[in-house]
Amino acid sequence: MNVLGVHLSEATLWSMAVGIVTNVACAVLGCHLVLRRLSLLGDAISHAVLPGIVVGYLLSGSLGVLTMLAGAWAAAILTSLLTDSLTRYGNVPEDASMGVVFTSLFALGVVLVSRYARNVHIDADCVLYGLIDTAALDVVAVARWYVPRVLLTLAPVLLATLVFLAVFWKELKLTSFDPALAAALGFRPRMVHYLFMGMVATVTVASFEAVGSILVIAMLIVPAATAQLLTDRLLRMVVAAACVGAISAIVGCWGAVRWNTSAAGMMAVVAGGQFAVAVCFAPRYGLLSKLWHTWQLGLRIVGEDVVARLFRAEELARSAPRTTALTAPARAGHLARLAGGPIAGRLALAQLWWRGDVAFRGDTGLTLTERGRRLAQMLVRGHRLWESYLGEHFALPLDHLHEPAERLEHYLGPRLQEQLAEELAEPGRDPHGREIPPSA
Amino acid sequence: MLRQPEHDRNADETAPAEATTARAAPPVVDVHDVTVAYHRRPVLWDVDLVLDEPRLVGIVGPNGAGKSTLIKAILGLVPLASGRVQIFGQEVAAVRRRIGYVPQRESVDWDFPVTVLDVVLMGTYGRLGWLRRPGRRERDTARECLAHVGMADYASRQIGQLSGGQQQRVFLARALAQQADIYFMDEPMAGVDAATERVVFDLLAELRRQHKAVLVVHHDLRTVPKYFDYVVLLNMGVVAAGPTADVFTTKNLQQTYGGRLSVLDDAAEALQKQQRSR
Amino acid sequence: MFAWPAYNTLVVLAGASLLGMAGGLVGSFAVLRRRSLLGDALAHAALPGLCLAFLLVGRRSLPAMQAGALATGVLGVIVIALLRRATRVKEDAAIGIVLSVAFGAGVVLLRYIQNETTEGSKAGLDAYLFGKTAGMIAADVVFIAAVAALCAAAVLILFKELKLVAFDSAFAHVQGWPTLSLDLLLLGLIAVSVVISLPAVGVVLTAALLILPGAAARFWTSRLDRLLVVAMLFGLLTGAIGTLISAQVAGLPAGPLIVLVGAALFLISALAGPRRGAVARWIALTLQRRQLAKQRLLIALYEASDLAKTQGLLPGAQVITAGALAVSEAMPIAKARRDVRAGQRAGLLDRAGAWTERGASQALAAVRAQRICRQALRDYPELMVSRFDLDYSAAVADLPRELLETIELKLRREGAWPDNPRSGMTAGTSP
């Protein structure tokens with residue numbers, strides 16, 4: 001098969017399949033790991049299972065799935081317990097105790113591997129990179145297919161993970177979100193925690209052969225963190241994480257062939273790339289969207305300042321007709337600069353004009369439309385109500401009232417305005433003696 | 001009623017042995033000699049409390065007096081160094097389904113990807129037990145509870161998008177969804193807006209009408225007489241406990257707060273209001 | 001057999017010891033400042049830098065590769081800080097993401113170099129993963145010594161400031177110290193000590209060289225200056241012993257061995273450290289439990305005998321029976337029986353169940369302390385809450401004399417001042 005100028009052999013396709021299964025299993029579990037803020041415990045466990053696997057192997061003399069699993073569970077629970085007790089009884093800060101435990105266990109694992117287990121499947125290379133690149137070399141016949149042996153371990157583990165998540169969905173959600181309530185309701189958060197960490201250890205062990213000990217953590221955390229930036233629902237987050245994981249596997253394997261390098265590493269890099277994209281462009285929580293919202297808010301405030309200014313000018317013109325020439329029609333450029341500087345001001349003006357809040361009369365004259373007048377009336381009403389409220393309740397001097405009101409007027413919705421008016425018994429005038437316009 | 005059983009020898013007119021045996025209905029809450037300690041430092045010391053009837057109880061005391069710890073100790077969320085707790089005459093584990101709990105708002109991660117309705121649904125989990133999923137009936141209950149606190153329109157919002165007061169209301173709706181007989185609330189009025197405070201107040205009044213027991217950790221001395229039938233004044237130990245009118249006195253407060261004047265001013269104001277209203 | 005190390009081994013030994021000392025010194029601050037895992041992230045993030053530098057320069061050049069490592073390592077830490085500040089990603093996830101993705105990128109580059117470039121397979125980049133001390137030459141050691149001296153000088157000059165920031169950065173900030181700059185300085189020190197350790201210990205385990213000595217030293221002392229000295233000593237031992245072992249045993253990477261030596265030192269410290277060590281803690285805890293149990297027993301027995309005496313509920317007021325105890329303490333009868341037997345075993349009660357002299361005086365002291373505590377907590381809560389202790393005698397021990405007298409007077413007035421439980425006994429009943 002030829003994709004984008006890269007020839008993908010059958011072996012590569014099998015690697016992809018292994019990668020997809022591994023990544024999806026890791027990603028869906030990783031969601032709760034990230035939500036429980038246990039990412040680093042996941043990191044620690046993925047390191048610490050190494051000596052567990054080796055000891056399991058040495059004891060049984062084979063690389064059977066069950067011995068490896070038993071060793072890994074033991075190591076995972078040991079990590080969890082040691083970290084906990086160092087923090088609790090030894091007063092070692094949590095991060096340091098985690099660092100102590102997993103580096104020590106990992107070092108032990110590496111020494112054991114190098115010393116005793118050199119001629120079996122696990123060696124230092126496998127620990128670091130996994131065997132995903134060569135997964136297709138070690139095959140087992142299933143029906144008419146030759147399937148990579150690791151896939152036969154990974155597929156059941158993926159299935160078990162999905163079943164685990166489905167069965168304990170409610171319990172996991174509750175204990176992740178509010179452990180205190182969970183305990184009060186009789187769901188044992190600690191038991192769920194250990195059950196969950198046991199599942200993490202299982203997936204870690206199963207993935208260990210494929211992607212190695214260190215890169216597992218990328219598969220666990222990165223898709224989940226990416227998904228967290230994309231959505232606000234748990235189910236969608238799990239699905240999104242699975243998708244990110246699968247994409248990482250496919251693109252990662254493709255890239256590994258394209259540049260003749262490690263597939264596991266490439267998968268981590270692709271996952272990281274997706275995360276970076278999400279950080280920048282996620283719809284609600286991305287940096288760009290945040291910037292856009294801040295900017296929009298800024299423009300809105302500038303625009304509102306302009307219409308409020310126009311409204312006040314109209315007011316002044318009505319009360320003192322002789323100064324009309326000085327105030328209205330206002331010069332658009334001047335107003336805009338007053339409100340928000342040359343660029344933001346002009347943009348805000350354009351926005352106001354586009355929405356039909358203001359109309360240009362003559363060359364530079366600017367007047368409020370009916371719609372704009374209603375908006376302005378609301379703003380000025382809010383501004384003056386707030387001034388009255390401050391004046392009554394905080395006894396501020398008159399010249400200190402304007403500034404807070406100027407900031408708050410943009411956020412006083414109709415409901416708050418009603419409440420204020422009610423509280424103040426519908427005042428007719430603000431502390432400066434100016435009329436408070438009725439609500440539009 | 002709420003009382004502080006006298007174990008001291010000087011209370012010689014009643015034999016303490018009778019107090020625990022000769023009663024028809026078991027007390028709603030029975031806290032006996034409870035001590036909670038971190039290492040050797042006690043947070044609660046020898047707390048004795050008996051609430052005989054379901055009433056609204058305010059738990060009041062200075063910062064660090066162990067108010068939240070008392071609730072957590074009753075609920076079995078912190079280990080007891082000594083003493084025992086019974087609710088409706090049984091161990092807490094046996095009556096969990098009759099207990100509603102509103103933790104402090106800061107205790108959870110508001111970025112968590114759940115909707116408002118999801119959070120309220122969690123209140124029904126206790127009755128469902130392990131493995132069973134919430135169904136249509138639970139959803140209906142949750143919606144009703146949300147409507148009850150005036151949050152029906154927000155059901156599908158992510159919880160992080162709510163204001164502090166709204167978040168508190170969601171927590172209250174969740175406690176309602178537990179359909180409990182006794183409620184424990186940890187500072188439900190801390191940092192909420194006036195509208196939410198009203199909702200809380202109405203809710204407490206309604207729970208009182210339904211003869212539910214409600215124990216509330218409360219920080220605002222000014223509103224104590226307005227809200228609660230009974231008051232527990234706590235400062236590591238129980239300083240005084242009983243009907244609000246008897247216990248919420250300047251002398252007791254001075255003892256509890258050790259003469260922190262600004263707080264006592266608030267209390268004095270509340271006491272005056274209370275007397276005027278009589 | 002242990003052979004006296006050759007010149008080459010001595011060079012390596014000196015280098016590894018210096019690395020350990022620098023790691024211990026800088027790492028102590030990282031541990032205290034809760035930044036332990038930042039070193040781990042930094043080390044992992046250094047791998048792509050090493051490889052990029054190799055690709056750019058086209059051959060193995062130590063200064064270039066260390067500069068590359070420093071650059072990407074620090075970049076990784078900056079990304080963590082930015083993620084934490086500007087997005088909803090929490091700190092733990094941010095560290096995990098940077099660490100694993102950067103390592104993945106490093107692995108990609110490493111494999112690429114090995115597969116695609118001619119000199120790649122000979123570059124010995126593999127050694128950077130788990131470390132190799134054998135290749136260290138005298139020039140490297142001089143370089144390491146220079147960096148270690150730089151770290152030591154920075155810490156010596158800014159000791160007070162770093163201490164303040166590590167202890168309470170918010171306070172330091174309010175006091176007007178440039179906490180950000182000091183944090184950056186600390187980060188810089190961590191970065192350089194990580195980068196110089198990379199060839200010897202490897203990217204995967206370098207963090208341990210920072211964390212282990214400082215965390216182990218913490219068990220031996222609570223003073224920062226001593227802590228730094230102990231941590232440097234531990235670092236030195238870790239590096240030296242680890243290197244010696246790896247020189248004796250062929251085929252084992254140096255990094256894991258060094259880390260295991262550090263782990264052993266940590267384990268010993270965690271067990272044997274005075275006051276904070278597990279053994280010392282266990283002893284203190286057991287003593288305290290025993291003492292509290294005895295205090296509870298004394299008070300319970302006293303209350304039972306007092307009840308029997310004042311209420312006359314039970315016959316034989318002089319003798320404390322399990323029944324009386326069960327009634328007065330509202331405890332199950334089986335537990336009351338156990339308590340009475342425990343009192344007899346401890347020599348507080350005699351065979352018949354009456355107070356011995358020792359038992360009576362101890363019980364009196366315990367009950368007095370308890371009553372004083374209870375009264376003081378009611379009357380002077382502000383005073384008591386801060387000094388309270390489950391061991392009542394300890395809690396009242398340093399109360400001012402006049403206060404104790406006032407409380408005693410008050411208790412006496414109320415009739416709550418305990419009397420010797422043996423008083424009022426008919427003489428001769430106890431053997």
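Visitor: For what share of the contacts in chain A with a separation of 6 or more do residues 24 or more positions apart account?

Guide: Residues 24 or more positions apart account for 70% of those contacts, where contact means heavy atoms within 4.5 Å. The model is a predicted one: local features need pLDDT of at least 70 and side-chain atom pairs count only at pLDDT 80 or more, whereas totals for chains, interfaces and linings use all residues. Residues are numbered from 1 along each chain as its sequence is written, chains are lettered from A and ligands numbered from 1 in the order in which they are written, and side-chain values use heavy atoms, without hydrogens and water.

Visitor: How many helices and strands does chain A have, and what share of its residues count as buried?

Guide: Chain A has 19 helices and seven strands; these are DSSP runs, helices (H or I) of at least four residues and strands (E) of at least two, numbered from the N terminus. Of its 440 residues, 55% count as buried. Buried means under 20% relative accessible area, exposed over 50%, and partly exposed in between, with a 1.4 Å probe and protein chains only.

Visitor: Why is B:Lys212 called buried?

Guide: Its relative accessible area is 15%, and B:Lys212 is therefore buried. B:Lys212 lies in the loop between helix H7 (194-209) and strand S8 (213-217) of chain B. Beyond neighbours within four places in sequence, its contacts are B:Pro54, B:Arg55, B:Ala180, B:Asp181, B:Tyr183 and B:Leu207.

Visitor: What makes the phi of B:Phe88 notable, and why does B:Phe88 count as buried?

Guide: Most residues other than glycine have a negative phi. Phi of B:Phe88 is near 50°, a positive value in a residue other than glycine. B:Phe88 stands in the loop between strand S5 (82-87) and strand S6 (99-102) of chain B. Its relative accessibility is 18%, so B:Phe88 counts as buried.

Visitor: Why does B:Gln179 count as partly exposed?

Guide: B:Gln179 has 45% relative accessibility, which means that it counts as partly exposed. B:Gln179 also has a positive phi, about 45°, although it is not a glycine. Its loop joins helix H6 (164-177) to strand S7 (182-186) of chain B.

Visitor: What makes a set of residues a nonpolar core, and which residues have the most contacts inside the largest one?

Guide: A nonpolar core is a set of buried Ala, Val, Leu, Ile, Met, Phe, Trp, Tyr and Cys residues joined through side-chain atoms within 4.5 Å. The largest has 288 residues, and B:Ile182, B:Phe184 and C:Phe103 have the most contacts inside it. Helix H1 (residues 10-35) of chain A gives the most to this core, with 14 residues. Leaving out residues up to four places away in sequence, B:Phe184 touches nine residues' worth of partners, including B:Ile74, B:Tyr101 and B:Leu215.

Visitor: How many cavities does the structure hold, and what is the class make-up of the lining of the second largest?

Guide: There are seven cavities of 30 Å³ or more. A cavity is a set of points on a 1 Å grid over the protein atoms alone where a 1.4 Å probe fits but cannot get out, and lining residues have an atom within 4 Å of a point. The second largest has a volume of about 50 Å³, volume being the space filled by probe spheres set on the points, which are joined across faces, edges and corners. Its lining has nine nonpolar, no polar and no charged residues; Ala, Val, Leu, Ile, Met, Phe, Trp, Tyr, Cys and Pro count as nonpolar, Asp, Glu, Lys and Arg as charged, and the others, Gly among them, as polar. B:Ile74 and B:Leu215 are among the lining residues, and S3(B) supplies the largest share, three residues.

Technical notes: On a 1 Å grid over the protein atoms alone, a cavity is a set of points where a 1.4 Å probe fits but cannot get out, and a pocket is an open set with protein on both sides within 12 Å along at least five of seven lines; lining residues have an atom within 4 Å of a point.
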